[in-house]
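Work through the exercises below with the coordinates open. Each task is followed by a solution in steps.

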Amino acid sequence: MQIFDDFVNRFGQGPPGNKAFDDIILSLVVSLMSIGTLIGALSGAYTADWWGRRKSLTFGVGMFIIGNIIQITAMSSWEHMMMGRFVAGLGVGNLSVGVPMYQSECCPREIRGAVVASYQLMITIGILISNLINYGVRNIEGSSASWRIVIGLGIAFSLPLGIGVLFLPESPRWLAGRNRWDAARISMARLRGLKADPNNPLVEDDFQEMHSTIVQQANVGTGTWLECFAGSDKPRVVYRTLLGCAIHFLQQWTGVNYFFYYGANIFSSAGIDDPILIQLVLGAVNVVTTFPGLYIIERVGRRIPLIVGASWQATWLLIFAAVGIARPPEQYESSGIVMIVAACMFIASFAMTWGPFAWVVIGETFPLRTRAKQASLATASNWLGNFMISFLTPFADSGIGYGFGFVFFGTNAAAAVIVYFFLYETKSLALEQVDVMYSQRELKPWQSSKWSPEGYLDRNTRDPAFFDERRGSAIGEPVGDEKGFSNGS
């Protein structure tokens with residue numbers, strides 16, 4: 001959209017007939033949305049806790065729609081367009097916290113990773129659809145309809161989320177955190193497809209596991225922002241805050257949006273005849289290769305794919321930068337082909353690993369009492385990294401050119417190291433069990449895949465005797481009501 005004639009003529013700088021975007025103006029128009037998303041992500045901690053996960057998502061969609069309307073009504077002021085993107089960003093930031101958190105809290109552990117990873121899949125499909133629309137309207141790029149259609153369709157795509165989520169069950173963890181235990185049980189039964197049988201053993205076992213941990217957390221009150229950094233009686237709270245922020249910041253600094261935000265500009269300057277078509281190819285690669293990630297995350301886990309993915313991405317970014325500098329594509333056609341292949345291989349790895357897995361990690365890592373706030377901080381770090389990429393890329397492109405790829409090589413290598421030494425394996429664990437695992441101070445991240453919770457022979461096999469005894473002890477004992485915790489809690 002940045003290279004459409006009407007868009008440039010309306011919002012670009014310079015004399016009529018010879019307009020172009022200044023680097024600083026283009027940076028601001030693109031990147032201020034990321035500032036909006038950063039603020040929206042932080043606000044998501046409040047709306048998700050105040051109104052519930054579902055209503056918070058509807059609020060986020062409403063803000064996004066308002067921002068898109070502001071953009072569509074822009075006539076010739078880049079400031080108008082920029083502020084519309086800022087407001088839309090407030091909604092996107094709110095949603096980027098709320099959606100993975102809602103998915104994580106609602107899904108059974110058996111499919112939680114794949115479902116949360118589907119969040120990234122939907123993002124990749126959205127990018128591909130936008131690329132298809134851009135490709136389709138390029139023949140009318142002299143008309144304002146070219147970019148207004150692109151922005152306006154975003155409203156249509158967001159409405160099913162904003163309205164449809166209100167008909168879904170509320171998060172059982174949020175309901176339990178509000179002492180609404182009966183509603184939490186019914187919600188959990190609905191999510192298991194057992195609405196007519198809320199006392200089914202499958203629901204009862206999950207409910208009892210959730211109940212015991214949430215009651216313990218409730219006894220020490222509600223988590224604060226300070227607790228995310230100052231710690232509490234809950235081990236590794238600060239550790240998990242910093243880990244979530246690091247992984248999400250580095251997800252952006254893998255370099256993926258270097259290609260998606262400015263790919264058309266980069267490939268156009270490299271002498272590619274149809275840069276929008278190349279963007280379409282990259283978008284298609286992004287979608288297709290996300291599907292294997294849904295299988296990998298449940299089959300292999302979180303740690304190994306993230307480490308291998310970061311290493312693979314670093315390798316192809318090194319090739320991209322080295323070829324671009326040693327044999328500039330403007331002079332050597334073969335270099336352009338190699339760089340496009342390197343970009344595709346990089347994006348394929350990102351789509352299978354760092355794209356979806358980072359969202360799964362923040363949905364699983366934090367304790368309930370501070371989950372919304374820590375998820376907001378991690379997501380805000382994601383959008384801070386996004387802002388830095390979108391703001392700095394035009395200047396880096398003018399300054400060091402393809403050498404920017406060397407920076408991304410280093411950040412991907414750093415990401416692999418951080419995951420190896422600090423991230424715990426959460427595959428097949430309930431959210432409450434993840435919290436227990438992080439509380440084991442003697443357990444090291446590289447040993448965590450062998451850890452199993454109490455009452456399990458391994459992560460996928462329950463000990464029948466343990467759960468029979470637990471169900472027996474729970475018969476006749478209320479676990480809570482709409483007014484307060486049972487047993488004096």
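The model is predicted. The opening exercise concerns a surface patch, and the later ones concern helix packing and a salt bridge.

**Exercise 1.** Determine which helix gives the largest share of the nonpolar patch.

Solution.
- The patch on the surface is formed by Ile 129, Ile 140, Ile 149, Leu 153 and Phe 157.
- Together these residues have about 400 Å² of accessible area.
- Helix α6, residues 145–164, supplies the largest share, with three residues.
- Phe 157 is a patch member that lies in helix α6.

**Exercise 2.** Classify the relative direction of α3 and α6, and give the hand of their crossing.

Solution.
- The axes of α3 and α6 cross at roughly 165 degrees and come within 9 Å of each other.
- An angle over 145 degrees counts as roughly antiparallel.
- α3 and α6 are therefore roughly antiparallel.
- The crossing in which α3 passes α6 is left-handed.

**Exercise 3.** Describe the packing of α3 against α4 by angle and distance, then break down the residues of the contact by type.

Solution.
- Helix α3 covers residues 53–72 and helix α4 covers residues 78–106.
- Their packing angle is about 160 degrees, and the axes are 7 Å apart.
- The two helices are therefore roughly antiparallel to each other.
- α3 passes α4 in a left-handed crossing.
- The contact of α3 with α4 comprises 16 nonpolar, ten polar and four charged residues.

**Exercise 4.** Repeat the geometric description for α11 and α17.

Solution.
- Helix α11 spans residues 237–252, and helix α17 spans residues 354–364.
- They pack at about 160 degrees with axes 10 Å apart.
- This angle makes α11 roughly antiparallel to α17.
- The hand of the crossing of α11 and α17 is left.

**Exercise 5.** State how many salt bridges the structure holds, and find which parts Lys 373 and Asp 49 tie together.

Solution.
- There are eleven salt bridges in the structure.
- One of them pairs Lys 373 with Asp 49, and the closest N and O atoms are 3.9 Å apart.
- The cut-off for a salt bridge is within 4 Å.
- Lys 373 belongs to helix α18 (residues 368–399) and Asp 49 to helix α2 (residues 23–51), so the pair ties together parts 324 residues apart in sequence.

Terms used:
Residues numbered from 1 in each chain as written. Predicted model: local features only at pLDDT ≥ 70, side-chain atom pairs only at ≥ 80, totals over all residues. Heavy atoms only, no water. Axes fitted to C-alpha atoms, helices over the stretch in contact; angles between N-to-C directions. Helix = DSSP H or I, 4+ residues; strand = E, 2+ residues; numbered from the N terminus. Parallel < 35°, antiparallel > 145°, perpendicular 65-115°, else oblique. Left-handed = near helix turned anticlockwise from the far one by under 90°. Nonpolar A, V, L, I, M, F, W, Y, C, P; charged D, E, K, R; others polar. Patch = residues over 30% accessible without salt bridge, like charges linked within 9 Å, V, L, I, M, F, W, Y side chains within 5 Å. Areas by Shrake-Rupley, 256 points an atom, 1.4 Å probe, with all protein chains shown as cover. Salt bridge = Lys/Arg side-chain N within 4 Å of Asp/Glu carboxyl O.
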